[in-house]
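Here is a protein chain to look at for the first time. The questions below go through some of its charged pairs and then its nonpolar interior.

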Amino acid sequence: MNRRTAVIIPAYNEEYTIGDVVRGVKMLGVGYDVIVVNDNSSDKTSEKAKEEGAKVVELSYNLGIGGAVQTGYKYALAGGYDACVQVDGDGQHPTQEIVRLVEALFENGYDMVIGSRFVEDTDYQVSFMRDMGIKILSFFLRMTTGLVVKDPTSGFRAINRKALTLFSSQYPQDYPEPESLVFARKRRFKIKEVPVKMKSRTHGMSSITPLLAAYYMGKVLLAMFIALFKKL
């Protein structure tokens with residue numbers, strides 16, 4: 001069966017890394033189409049992606065990560081893709097692992113497969129505050145939905161068409177990864193984590209600074225709590 005997978009790369013000012021990420025996806029060969037969602041970057045992200053052969057969806061306004069990812073999902077749904085993989089444009093996600101995520105998705109009937117940094121012992125380093133935040137989010141998900149996930153903030157994910165249909169119509173906008181797991185669990189999606197070795201950023205800074213960590217945690221937990229009662 002010839003499946004088509006859309007590899008969605010939300011990107012904002014990633015001109016130094018987007019070319020390598022696109023090349024990595026292109027090396028996967030037939031069946032994997034790379035779609036960069038340029039979130040109104042002010043640098044040469046769009047030009048660099050096009051130079052490497054990516055399809056680029058241009059946003060007229062900066063929508064943030066949730067809006068950019070959902071735009072990619074809408075594009076993939078309209079394009080009739082069987083699966084969709086979200087990959088960061090900063091080069092942290094290992095593109096060679098995309099096939100493994102997609103294979104796990106179809107071979108075992110999962111609706112979502114998450115590339116996790118913490119399923120196995122790795123040398124990936126996170127700050128104390130971020131480590132605490134990830135553990136709190138994991139605990140919240142386990143206590144409220146029964147879902148056991150060690151890396152709820154990972155944006156390296158593969159989803160099937162059922163999940164693509166949901167997320168195209170309803171997807172969180174701010175720091176969407178943990179909240180989207182609540183959505184998925186409410187729809188009784190089958191979710192699995194597979195271990196991956198992610199890299200540190202080589203250019204730019206994470207949008208989540210230590211000073212914003214506490215604010216982020218409170219906001220995300222509140223959003224996840226509200227999502228528990230949201231009609232999907």
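Q: In this predicted model, which residue forms a salt bridge with Glu-52?
A: A salt bridge needs a side-chain nitrogen of Lys or Arg within 4 Å of a carboxyl oxygen of Asp or Glu. For Glu-52 the closest N and O atoms of the pair are 2.7 Å apart, and the pair links distant parts of the chain, with Glu-52 in the loop between α2 (45-51) and β3 (55-58) and its partner in helix α1 (residues 18-26), 29 residues apart. That partner is Arg-23.

Q: Are Glu-52 and Arg-23 buried, partly exposed or exposed?
A: Buried means under 20% relative accessible area and exposed means over 50%, with partly exposed in between. Glu-52 has a relative accessible area of 26%, while Arg-23 stands at 35%. Because both values fall between these cut-offs, both residues count as partly exposed.

Q: Which residue is linked with Arg-23 and Glu-52 in a network of salt bridges?
A: The structure holds 8 salt bridges, and the one between Glu-52 and Arg-23 belongs to a network of linked residues. The other member of this network is Asp-20.

Q: Which residue forms a salt bridge with Glu-58?
A: Glu-58 is partly exposed, with a relative accessible area of 40%, and its partner is also partly exposed, at 48% relative accessibility. The closest N and O atoms of the two are 3.7 Å apart, and the partner is Lys-50.

Q: About how many helical turns separate Lys-135 and Asp-131?
A: The side chains of Lys-135 and Asp-131 meet in a salt bridge, at 3.2 Å from N to O, and Asp-131 is partly exposed at 23% relative accessibility. Because the two residues are 4 residues apart in helix α5 (residues 128-145), the separation is about one helical turn.

Q: Which element supplies the largest share of the largest nonpolar core?
A: This core has 36 residues, and those that touch the most other members are Tyr-73, Cys-84, Met-112, Ile-159, Phe-167, Leu-181 and Ile-191. Several elements each supply at least two residues of the core, among them β1 (5-11), β2 (32-38), α3 (64-78) and α8 (210-227). The largest share, 5 residues, comes from α8.

Q: How many residues are in the second, separate core?
A: This second core is separate from the largest one and includes Ala-11, Val-56, Val-87 and Val-196. Its size is 28 residues.

Conventions: Residues are numbered from 1 along each chain as its sequence is written. This is a predicted model: local features need pLDDT of at least 70, side-chain atom pairs count only at pLDDT 80 or more; totals for chains, interfaces and linings use all residues. Side-chain values use heavy atoms; hydrogens and water are left out. Buried means under 20% relative accessible area, exposed over 50%, partly exposed in between (1.4 Å probe, protein chains only). A nonpolar core is a set of buried Ala, Val, Leu, Ile, Met, Phe, Trp, Tyr and Cys residues joined through side-chain atoms within 4.5 Å.
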